[in-house]
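Grab a coffee and work through a few short exercises on the structure below. Each one gives a task and then a solution in steps.

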Amino acid sequence: MRRRHALGSLLLAPLLTACFASQGGDSDSATGDGPRLRVALAFPPAENLSPYGDDATLLSRLGVSEGLTALDANGTATPALAESWRRENDRTWLFTLREATFQDGSEVTPAAVAAALTHAGEAKPAPAALSGVTLTAQAAGDAVRITTRTADPVLPLRLSSPSLAVFAAKAYGEDGRVDPVGTGAGPFELTEVTGSASAALDRFDDYWGGRAQAPGIDARFVADGTARANALRTGQVDIAEAVPVAQAAALDEATVEETATTRTTSLHLNTRSGPFRDPKLRAAARAAVDSSAVVKGVFEGHADPGTGLYGPAVTWAEGKRVRSAGRAAAADPHGTAVTLATYDNRPELPETAQVLQQQLQKAGFRVTLVVREYARLESDVLAGKFDGFVGARNSLVDTGDPVGVLASDYTCDGEYNLSRLCDRNVDRAVAEADAVADTGARQDAAMRAEAAVLGTDAVVPLAHQRIITGVATGVRGVLLDPYERTLVGPGTRR
């Protein structure tokens, strides 16, 4: 396995060298104040850089987009384009804006923010952060008044989602599309996108948080993890995200940054069609899985065994975890044929799928694997074309709220329901948790809802990941957080 990885890196090295050399390599910018940053990202745009889907985090990680609030390391909402906020009643909040400018030179006004949030609310499909939530936004003096159809005690957290970032008026087309080129409010302005291959960004000098130290960013979307690691090792890039664990040992120790994240790798079982519609076969699959083999054999210790939807990075979860009850008894698979899909943007996932294939076959299933790039896989998974799916999901990336991921991923109306789960008890538990305002009580309710989800065996948590980021020794100020929303900011430089 390692020998194959090494050969792949050698074959890909000339291609990457050519790609990054075309952007100017180590040459200083026209302003003469330092070199541009060269970044290798794992995921190419899947939706033309729309902020309403998975591409939203590409925009936030590159410093293009900002919303009214941000999320700190403790999971608390902090000021961004809004400098303060207050709750007027159960359904209404008032967000006071700071003085800021969009990258097209227009001002960040209450009317512009209200229009941007209205566009997000009307998007089809709805952003995951708005799963089950309907809001209206109106300008109110120097503030924006946001009203939700029902009480939403975590609205400031919700508005920190990258999918609710605010763009200038000209970004929004009549067809519902959003063009982020030159229209964001972050420290770096997207100037050019070359399909799914690359993007160029320049420093936005009028950023409210201060002028960025790097003059720009040359980003490449490199799905092959070995190639990303090799590009860092050979000095072709300054930052390489999601370095495969198999490559970490080959990097200079000083260039390896490991971050505990709220990302969990899980096996999702299709509950609506195919063999796993039967809860007894789902129970058989869950009983067959040994997550310790995944943690040790695939992640080489750079992960923790799957204990639930929330892992150790969610520090309060373990002490509040509730045991699942009412699970179906496992049935003998008797050679039932199932198709298991995953993607190769994260190289650990195909290896994880192979381990699961062996475990499930030992239990009596016949397993066929399908491996594609994520952009070519997601729509088929959501449409139920596979019996199982191995994916890595950051449980708090959408809203920072533990209930948010439950609503989007496991309820009947959830927009990112990979297990295609529709269970009355789960919907009830999630709704009850979503109605709780007090932080501690909301966490308790979220854990009861987690137990309801796990009790269906629609999802089997495998590993809670620690993400490895490759950072060249001369680079400073890389933003690493457990929610994986940030990577490059005003202070990132080399």
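**Exercise 1. Find where L49 sits in the chain, and decide whether its side chain is buried or exposed.**

Step 1: Keep in mind that you are working with a predicted model. Locate L49 in the loop between β1 (37-41) and α2 (56-61).

Step 2: Look at the backbone. L49 has a positive phi of about 60°, although it is not a glycine.

Step 3: Check the accessibility. Buried means under 20% relative accessible area, and L49 has 5%, so it counts as buried.

**Exercise 2. Do the same for E484: find its place, its phi and its accessibility class.**

Step 1: Go to the segment after β17, where E484 is found.

Step 2: Read the phi angle of E484, which is positive at about 60° in a residue that is not a glycine.

Step 3: With a relative accessible area of 10%, E484 is buried.

**Exercise 3. Work out which peptide bond leading into P125 is cis, and where P125 lies.**

Step 1: Inspect the bond from K124 to P125. Its omega is near -5°, and the bond is cis.

Step 2: Place the proline. P125 belongs to the loop between α3 (110-122) and β6 (135-140).

**Exercise 4. Describe the disulfide: its partners, its handedness and its setting.**

Step 1: Count first. The structure holds one disulfide.

Step 2: Name the partners. C412 and C422 are joined, with their sulfur atoms 2.0 Å apart.

Step 3: Find the handedness. The torsion about the S-S bond of C412 and C422 is about 95°, so this disulfide is right-handed.

Step 4: Map both cysteines. C412 and C422 are each in the loop between α11 (402-410) and α12 (424-434), ten residues apart.

Step 5: Compare with the accessibility cut-offs, where partly exposed lies between buried, under 20%, and exposed, over 50%. C412 has 26% relative accessibility and counts as partly exposed; C422 has 49% and is partly exposed too.

**Exercise 5. Pick three salt bridges and work out what each one connects.**

Step 1: Start with the total, which is 26 salt bridges.

Step 2: Take D205 and R203, whose closest N and O atoms are 3.1 Å apart. D205 is partly exposed at 45% relative accessible area, whereas R203 is buried at 10%.

Step 3: Move on to R494 and D238, whose side chains form a salt bridge of 2.9 Å, N to O. R494 is in the segment after β17 (459-471) and D238 in the loop between α5 (225-233) and β11 (239-240), so the pair ties together parts that are 256 residues apart in sequence. R494 counts as partly exposed at 26% relative accessibility, while D238 is buried at 3%.

Step 4: Finish with R466 and E258, which form a salt bridge with their closest N and O atoms 3.8 Å apart. Here strand β17, holding R466, is linked to strand β12 (residues 256-269), holding E258, and the two residues are 208 residues apart. R466 is partly exposed at 24% relative accessibility, and E258 is partly exposed at 38%.

**Exercise 6. Which residues are linked with R36 in a network of salt bridges?**

Step 1: Begin at R36 and look for its acidic partners in the network.

Step 2: You should arrive at D202 and D218, which are linked with R36 in a network of salt bridges.

Technical notes: Residues numbered from 1 in each chain as written. Predicted model: local features only at pLDDT ≥ 70, side-chain atom pairs only at ≥ 80, totals over all residues. Heavy atoms only, no water. Disulfide = S-S within 2.5 Å. Helix = DSSP H or I, 4+ residues; strand = E, 2+ residues; numbered from the N terminus. Buried < 20%, exposed > 50% of the residue type's maximum accessible area, 1.4 Å probe, protein only. Salt bridge = Lys/Arg side-chain N within 4 Å of Asp/Glu carboxyl O.
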